[in-house]
Amino acid sequence: MNGCVFCKIVAREAPAEILHSTESVMAFRDANPQAPTHLLIVPKEHIDSIDGLSDAHADLLAHMFQAANHLAKTEGLEEGWRLVSNVGPAGGQTVYHLHFHLLGGRRMTWPPG
Ligand code: 5GP
Ligand code: ZN
């Protein structure tokens with residue numbers, strides 16, 4: 001999608017530290033990390049947020065969760081990790097291309113801010 005920063009990263013038109021790329025999913029490090037490991041897992045297809053998902057995205061979602069499991073292992077997060085997706089302004093979403101934040105490497109607190 002025109003003007004979407006994550007579409008630009010997927011197209012390799014904007015720089016990012018890409019750790020994982022499959023036919024449908026990409027993962028790269030967050031530019032402003034909130035934990036020692038802070039990755040973003042995105043679909044290569046532009047979808048605004050979880051709100052834009054339908055039954056047709058079932059396989060894609062499975063692949064995003066598989067990527068999370070794989071990356072938690074390669075990042076050495078045996079102690080645990082967190083997967084978060086912010087939806088809409090009140091949910092704290094700032095980039096409107098669906099993404100899961102994979103956070104780890106420190107003890108997470110609850111509730112999140
Ligand atoms: P949201 O606020 O939508 O849940 O998360 C957006 C995330 O994208 C933020 O954690 C922010 O640091 C990250 N981010 C924004 N722009 C870029 C960018 O150009 N490159 C990378 N790697 N991360 C970005
Ligand atoms: Zn996009």
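Visitor: How are the donor residues of the zinc ion (ligand 2) spaced in sequence?

Guide: They follow the pattern C-x2-C-x38-H-x50-H. Keep in mind that we're looking at a predicted model.

Visitor: What makes Cys-4, Cys-7, His-46 and His-97 count as coordinating the zinc ion (ligand 2)?

Guide: Distance does. An N, O or S atom has to lie within 2.8 Å of this metal to be a donor. Here the SG atoms of Cys-4 and Cys-7 and the ND1 atoms of His-46 and His-97 sit at 2.1 to 2.3 Å, so they make the cut.

Visitor: Why is the site of the zinc ion (ligand 2) called tetrahedral?

Guide: With four donors, all angles must lie between 85 and 135 degrees. The four donor atoms of the zinc ion (ligand 2) give angles of 105 to 117°, so tetrahedral is the right label.

Visitor: And Cys-4 and Cys-7, are they buried or exposed?

Guide: Both Cys-4 and Cys-7 are buried.

Visitor: How many aromatic pairs does a search of the whole structure find?

Guide: Two aromatic pairs turn up.

Visitor: What makes Phe-6 and Phe-28 an edge-to-face pair?

Guide: Two tests here. Ring centres have to lie within 6.5 Å, and Phe-6 and Phe-28 are at 5.3 Å centre to centre. Planes over 60 degrees apart count as edge-to-face. The planes of Phe-6 and Phe-28 are at 75°, so edge-to-face it is. The pair also links distant parts of the chain: Phe-6 belongs to helix α1 (residues 5–10) and Phe-28 to strand β2 (residues 25–29), 22 residues apart.

Visitor: Why does Phe-6 count as buried?

Guide: Buried means under 20% relative accessible area. Phe-6 comes in at 7%, so it qualifies. Phe-28, at 2%, counts as buried as well.

Visitor: Why is the pair of Phe-65 and Phe-100 called tilted?

Guide: The ring centres of Phe-65 and Phe-100 are 5.3 Å apart, with the planes at 40°. Stacked needs under 30 degrees and edge-to-face over 60, and the rest are tilted. An angle of 40° falls in that last group, so this pair is tilted. Once again distant parts of the chain are linked: Phe-65 is in helix α2 (residues 58–74) and Phe-100 in strand β5 (residues 100–104), 35 residues apart.

Visitor: Why does Phe-65 count as partly exposed?

Guide: Because its relative accessibility is 45%, between the 20% limit for buried and the 50% limit for exposed. Its partner Phe-100 has 6%, so Phe-100 counts as buried.

Visitor: Which residues come nearest to ligand 1?

Guide: There are 16 residues around ligand 1, and Arg-29, Asp-30, Asn-86, Thr-94 and His-101 come nearest.

Visitor: What makes the approach of Asn-86 to ligand 1 a polar contact?

Guide: The pair has to be N or O atoms within 3.5 Å. A polar side-chain atom of Asn-86 is 2.8 Å from an oxygen atom of ligand 1, so that's a polar contact. His-101 also places a polar side-chain atom 2.8 Å from an oxygen of ligand 1. Gly-92 uses a backbone N or O atom instead, at 3.2 Å from a ligand 1 oxygen.

Visitor: How much of the accessible area of ligand 1 does the protein cover?

Guide: The protein covers 79% of the 520 Å² that ligand 1 has on its own.

Visitor: Where is His-99 found?

Guide: In the loop between α3 (88–91) and β5. His-99 counts as buried because its relative accessibility is 6%, under the 20% limit. Its side chain reaches the backbone oxygen of His-97 at 2.6 Å.

Visitor: Why does Arg-12 count as exposed?

Guide: Exposed means over 50%, and Arg-12 has 56% relative accessibility, so it's in. Arg-12 lies in the loop between α1 and β1 (18–21), and it has a positive phi of about 60° although it is not a glycine. That loop also holds Ala-11, which is partly exposed at 43%.

Visitor: What kind of peptide bond joins Trp-110 and Pro-111?

Guide: A cis one, with omega about 0°. Pro-111 is in the segment after β5.

Notes. Residues numbered from 1 in each chain as written. Chains lettered and ligands numbered in written order. Predicted model: local features only at pLDDT ≥ 70, side-chain atom pairs only at ≥ 80, totals over all residues. Heavy atoms only, no water. Donors = N, O, S within 2.8 Å, 3.2 Å for Na, K, Ca; no water. Tetrahedral: all angles 85-135°; square planar, octahedral: opposite > 155°, others 65-115°. Buried < 20%, exposed > 50% of the residue type's maximum accessible area, 1.4 Å probe, protein only. Phe/Tyr/Trp six-rings, centres within 6.5 Å; stacked < 30°, edge-to-face > 60°. Helix = DSSP H or I, 4+ residues; strand = E, 2+ residues; numbered from the N terminus. Near = heavy atom within 4 Å. Polar contact = N/O pair within 3.5 Å; in protein donor to acceptor, adjacent residues only side chain to side chain. Areas by Shrake-Rupley, 256 points an atom, 1.4 Å probe, with all protein chains shown as cover.
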